[in-house]
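Thanks for coming. I will put the sequence and the structure up, and then we go through a few parts of it in turn.

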Amino acid sequence: MLKRVSRWSGIAVVAGLLVAGSAGAGRAQTEVMVWHAMGGALGEKVKALADAFNASQSEYRVNAVYKGNYAETMTGAIAAFRARQHPHVVQVFEVGTATMMAARGAIKPVYELMAEAREPFDPGAYLPAVTGYYTTADGKMLSLPFNSSTPVLYYNKDAFRKAGLDPARPPRTWPEVGQTGQKLQAAGLPCGFTTDWQSWIQLENFSAWHNVPFATRANGFGGLDAELRFNSPRHVRHIAQIADWQKTKLFDYGGRRNEATVKFTNGDCGMLTESSAGYAGIKRTARFEFGIGPLPYWPDVPGAPQNTIIGGASLWVMAGHSPSAYRGVARFFSYLASPEVQADWHQFTGYLPITRAAYELTRKQGFYEKNPGTEVAILQMTGKPPTEHSKGVRLGNMVQIRDVIDEELEAVWAGKKSPREALDAAVQRGNELLRQFERANR
Amino acid sequence: MDKRAVFHHRVLPYLLVAPQIAITLVFFFWPASQALWQSVLVEDAFGLKTEFVWLDNFRALLADPEYRRSFGVTAVFSVSVTALALTAALLLATMADRVIRGAGAYRTLLIWPYAVAPAVAGVLWLFLFNPTVGIVAFALRQVGYRWNHLLDGGEAMLLVVLAAAWKQISYNFVFFLAGLGAIGRSVIEAAAIDGAGPGRRFVRIVLPLLSPTVFFLVVVNVVYAFFDTFGIIHAVTGGGPAGATQILVFKVFKDGFLGLDLGRSAAQSVILMAVVIALTVIQFRYLERRVHY
């Protein structure tokens, strides 16, 4: 009996020490919990960023935790919020923006955070093409863009040479893509071009690039009552053109996400539209010389090309934490946005820089000369100031809307539906999802 | 004199069943009641605004042609998976039952796939059949068939059925093998002496004696195909192309966990629960009559 008591008291003492120890650490350093979705090499880079920040000061300690893919990270943070166990910061992909924004009681806007923490913050220092996606109509930044990319055209220079094409001149327009594809096929390639992320590139970015609405109410920036508009004659013509090419494999469908990249890197398809962030992966796997050009456009559309929009993710601050923790978050955000950190992140990952200073610094360091093509994405985004059709897309239930678009486009590529029918159906089904979201978030 | 044992405790029986009741309550009735309650609500993802909407979620679902189509897809998928997994397992079990040398090794190898997680099984099959780099797709291309489950709904269905059934064959195999082992040699030998060939012995003797196992496995396999296969669908086709492999449980997962629309997702799981309860009742009422224990 005595023995048992002493054992229990031993455990109690140890537990007490642990509690006291952690409480002591808590007093000395405020912990900032960041949940992110960056696996592999990117995850290690995020950890390195947090470690460097922790080493740079002693007041706060950022704890960056990998929580699975984008959807899992977001779902995890929402479940944690429902149980009031949520992190300070969570990385949310761009299609989750409307959901986060609508949850006013669950988030703390970045502009508010910076003001309350008295952290120096100049919205003018950021690249509007990048931050616009995460900014209110009157220019207030809600979340901090973290990893952003935009679609570009990758092309196989070796295949171009074989087909007698100029490897320094990628096709600029969609009709040129058609001609180039024919020549590539004539030279023996099984397929001319393919695309990743069809909804994001061939409809969302297509709309911005041609300055036509993807949805009403400035693509949803103006309110929850937006309606989809991607069944216009211009959209239908574009999809009809690609569907036509599918018949001769001038275009060959490769999957909903980035599965089509392998069709390009194994040499089957001579051209690929894919995110600028795919650069590192393509460089690693392609056994041929490749080039990067801007996303093609239709030359007869007035105002085209406008600017493309971003994909990727941003950092959202969650509500309900202490002011001291928020000061830590603000300090960490300032660190992330500093030119040196941004320039390093941009050059290491291929994601876009979020500030002008980081872009200038990268240019001065000679990165773009050493890595030809990496500047295309930035030029393409910053060529013209964004319009209400090219600022971004902010629609609720966007994850499901993209699924609907994927389903309908697959029916087009398989020849089961006409482009007109499919886009009409996608718009109608998508609008029902928008109304559902509007009802839940009124 | 009454020889029956009579227990006079009033409380003890309840205490003895309490753990099982508690587990059922916590892990079945409580989540099921939560799903029922959630299915009549419209709520934002964070649970900040909740509205009671009666049966609006169900009405919207049943009005959605894509959702109704999903029933047909689920029926095709479940029947195919169950039929394929059962026949293949029965075939393998009868073969393994006859093997004398190295029986243990064969049996172990045949049981292995059951240990593979559904998503991993899906990825394995996906690699084999990937239209660009898959080895089976490559072999098919050599004989002049262009396999492309990314665009062909029938091929996509075939692929997920293969992956889902392959995983379940091991489980069925174990039960069939045990069932076959329980059939007395003397019965079969007697039939053989009477002149019944292997085929006839199988149909007239083995199969009827195996019917309790078959019945049990049909129930288990249908439940498996309905509920446990979303990992495979998620990894292989994502419900595509154009909804051709969108089974009910995958849509529950997609709308709830990816789309964060908890009300509609809960309504779907309530419908799914009703379907499976109905199927199980039908199986017990009509199929069980033909089972000889």
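**A strand with several partners**

Start with one pair of residues: Pro145(A) stands opposite Ser314(A) in β10(A). Keep in mind throughout that this is a predicted model.

Pro145(A) belongs to that pairing through strand β5 of chain A, residues 144-149, which runs antiparallel to β10(A) with 5 bridges. Ser314(A) turns up in another pairing too, as the bridge partner of Val92(A). Here the strand is β3 of chain A, residues 89-93, and its pairing with β10(A) is antiparallel over 5 bridges. Then there is strand β4 of chain A, residues 107-108, joined to β10(A) by 2 bridges, again antiparallel. In that pairing, Lys108(A) has Val317(A) as its bridge partner.

So what about the surroundings of β10(A): how many of its 8 residues are buried? The count is 8 of the 8, for residues 311-318, so the strand is largely enclosed by the rest of the structure. A general point helps here: in a regular strand, side chains alternate between the two faces of the sheet. In β10(A), one side has Gly311(A), Ala313(A), Leu315(A) and Val317(A), the other has Gly312(A), Ser314(A), Trp316(A) and Met318(A), and both are covered.

One of those residues, Ala313(A), leads us to a helix. Tyr70(A) is in contact with Ala37(A), Phe93(A) and Ala313(A), if we leave aside neighbours within four places in sequence. Tyr70(A) lies in helix α3 of chain A. Is Tyr70(A) buried or exposed? Buried, because 21 C-beta neighbours fall inside 10 Å, and the cut-off for buried is 20 or more. For a sense of distance, take Pro372(A), 302 residues from Tyr70(A) along the chain: their C-alpha atoms are separated by 30 Å.

Next, another sheet in chain A. Its 4 strands come in the order β7-β8-β6-β9, the sheet is open, and the pairing is mixed. Which strands stand at the edges? They are β7, residues 191-195, and β9, residues 290-293; each has a single partner strand, so one side of each is left without a neighbour in the sheet. On average, neighbouring strands are turned by 20° against each other, direction ignored.

Look at β7(A) and its pairing with β8(A), residues 269-275: the sense is parallel, over 4 bridges. Phe193(A), for one, has Met271(A) in β8(A) as its bridge partner. Helix α9 of chain A, residues 198-209, packs on this sheet and touches β6, β7 and β8 of chain A. The direction of α9(A) makes about 90° with that of β7(A).

Now the two chains together. On the chain A side, 33 residues are in contact with 25 residues of chain B. Helices α3, α4, α12, α19 and α20 of chain A each supply at least two residues of that side. Which of them gives the largest share? That is α19(A), with 8 residues. Sorted by class, the chain A side has 13 nonpolar, 10 polar and 10 charged residues.

Last, chain B by itself. It has 12 helices and 2 strands. From the N terminus there is a helix, then the two strands, then helices to the end. Its C-alpha atoms fill a box of roughly 80 × 75 × 30 Å along the principal axes. Of the 293 residues in chain B, 34% are buried. Among its contacts between residues at least 6 apart in sequence, 69% join residues at least 24 apart.

That is what I have for today.

How values were computed: Residues numbered from 1 in each chain as written. Chains lettered and ligands numbered in written order. Predicted model: local features only at pLDDT ≥ 70, side-chain atom pairs only at ≥ 80, totals over all residues. Contact = placed C-beta atoms within 7 Å. Nonpolar A, V, L, I, M, F, W, Y, C, P; charged D, E, K, R; others polar. Pairing = 2+ DSSP bridges. Axes fitted to C-alpha atoms, helices over the stretch in contact; angles between N-to-C directions. Buried ≥ 20, exposed ≤ 12 C-beta atoms within 10 Å, placed from the backbone.
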